2 protein chains.
Amino acid sequence: MSTRDLGPAKATRDRLVAAAIRLLEEGGPEAVQTRRVGAEIGASTMAVYTHFGGMKNLVVAVAREGFSRLARVMENVPATDDPVADMFELALAYRQYALENSQLYRVMFGLSVAGGHRLAPVDVDELMGTGRYPEGREAFALVYRGVERIIAAGDGAGGEPLTESLQLWSGAHGHVLLEFGGYFGPPEQSVHTVLVPLAEKLFAAMGHPPEAVRDSIRTVLARRGYA
Amino acid sequence: MSTRDLGPAKATRDRLVAAAIRLLEEGGPEAVQTRRVGAEIGASTMAVYTHFGGMKNLVVAVAREGFSRLARVMENVPATDDPVADMFELALAYRQYALENSQLYRVMFGLSVAGGHRLAPVDVDELMGTGRYPEGREAFALVYRGVERIIAAGDGAGGEPLTESLQLWSGAHGHVLLEFGGYFGPPEQSVHTVLVPLAEKLFAAMGHPPEAVRDSIRTVLARRGYA
DNA sequence: TACACCCCATAACGCTGTTATAACCAGGTT
DNA sequence: AACCTGGTTATAACAGCGTTATGGGGTGTA
């Protein structure tokens, strides 16, 4: 194949991924179908097979794009001289991304079957572990670096960045999943009842006085318009 | 209908639910099919429709049974004079149930499509909110009561039981989902890196000295054989 | 002009949930 | 005993799904 083929072929793949994500968010995972994804770019089912070899790899590509977009959103959170406030901004951005792209978020974490397929642990390893797709690691690295900054600015009793990051991730992940699953009842409320107090505990354990942490979080909440 | 009909009819429904759960755990959500569930009890697809009106309600019944079993597992955790240790036992039991019934757990929380259907928010409200199915509320009540006991035994600065319970639930939920999704890498490890430190922070915030909390948790870990 | 190769539309296969139809079978009525 | 009645069920069909075999249509190369 000539080098020019990489261009148009990649463009078609990107259009397929974009179409799949569009269908996913608008019609749920059951709307992601070979016929509809193909029709969305003016083609037939074969487009999915020639470019991805089947729905399975398209779903993986969708997850990669989802993590890539998440990383881009998190990168846009600026670093100030208050790393605690920065990290809570990051948590709010994470939650907002998850809520505004809840179907995509589910696919990213292997919790949704789209087109008859879901992200398998082996695909997760490609994204988060030792694999060749960097998107998931990039997103997590932003959390990790934020935690590093908090610990570095703390009193020295802040613990290990990796385990603290994983705890934060677990809490946020559980929170958003229960929230948009309807397990908390009406939404928005749960930011104050769950995310804020959880973040306070975690940030304080990274070596900062509880009152200072509370102030930093309160500032962010006010800035972002959370009553 | 005569009153005797409630017996055999209910028995058939229970057998269908049991068959669906068996297929679910053994073959994943895609193995829960009208033809297979019917064949499992020696009947045809119509059994699902006469007794549940379709796959949708069977999935709801599966989720109810899942929460009912979870509540039974959690009830078997005895109450001692150390409510902090009791609650960590509860957390370990919750995690163990989730891992040993990971497919069922996903269905319970609306994260898995079985037989073309998944638990919708309206079904969640029936289980966890204002609805007529008590199974989900029963399971959560066991967490809530455990938190109440911890706060009552604490120094009085323990916070509000409901919000503390929701934080605990979020952390545990996120932890088990990331764990059996493969996002933590090798399992077992994450009990020490995530669940234990998260529980320490949460229990301490319920009004207990960090050292006492750590001791209680260490005792439980030793008792349960976590290296 | 001729060849080679990728891309894709068409049509089919096997599978799914669902449903219309008709048979069956127990209990109550005549 | 004969007959109806309502719930349960097997059978067969339908529309839809992911997938695949086939063959036609472009484009670049010789």
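Which residues does Ala20(B) touch, not counting residues up to four places away in sequence? That was my opening question for today's notebook, and I kept in mind that this is a predicted model.

**Entry 1: around Ala20(B)**
I looked up the contacts of Ala20(B) and found Val32(B), Val37(B), Leu58(B) and Val62(B), leaving out residues up to four places away in sequence. Next I turned to the largest nonpolar core, which has 145 residues. Ala20(B) is among the three members that touch the most others, along with Ala20(A) and Val62(B). I liked meeting Val62(B) again, since Val62(B) is also one of the contacts of Ala20(B).

**Entry 2: how the two chains are related**
I then checked how chain A fits on chain B. A rotation of 180° superposes them, with 0.0 Å of shift along the axis and an RMSD of 0.0 Å. This is therefore the relation of a two-fold axis. In chain A, I found that Gly174(A) has the C-alpha nearest the axis, at 1.8 Å. Both copies use the same surface, as 100% of the contact residues of chain A recur in chain B.

**Entry 3: where the H9 helices meet**
My last stop was helix H9, residues 161–180 in each chain. The two H9 helices pack at an angle of about 100°, and their axes are 7 Å apart. An angle of 65 to 115 degrees counts as roughly perpendicular, so H9(A) and H9(B) are roughly perpendicular to each other. Residues making the contact include Trp169(A), Gly174(A) and Leu178(A) of H9(A), and Trp169(B), Gly174(B) and Leu178(B) of H9(B). I sorted the contact by class: eight residues are nonpolar, ten are polar and none is charged.

Conventions:
Residues are numbered from 1 along each chain as its sequence is written. Chains are lettered from A and ligands numbered from 1 in the order in which they are written. This is a predicted model: local features need pLDDT of at least 70, side-chain atom pairs count only at pLDDT 80 or more; totals for chains, interfaces and linings use all residues. Copies are superposed by least squares on the C-alpha atoms of residues with pLDDT of at least 70 in both. Two residues are in contact if their C-beta atoms, placed from the backbone, lie within 7 Å. Axes are lines fitted to C-alpha atoms, for helices over the stretch in contact, and angles run from 0 to 180 degrees between N-to-C directions. Helices (H or I, at least four residues) and strands (E, at least two) are DSSP runs, numbered from the N terminus. Angles under 35 degrees count as roughly parallel, over 145 as roughly antiparallel, 65 to 115 as roughly perpendicular and the rest as oblique. Ala, Val, Leu, Ile, Met, Phe, Trp, Tyr, Cys and Pro count as nonpolar, Asp, Glu, Lys and Arg as charged, and the others, Gly among them, as polar. A nonpolar core is a set of buried Ala, Val, Leu, Ile, Met, Phe, Trp, Tyr and Cys residues joined through C-beta atoms within 7 Å. A residue is buried if 20 or more other C-beta atoms lie within 10 Å of its own, exposed if 12 or fewer, and partly exposed in between; C-beta atoms are placed from the backbone.
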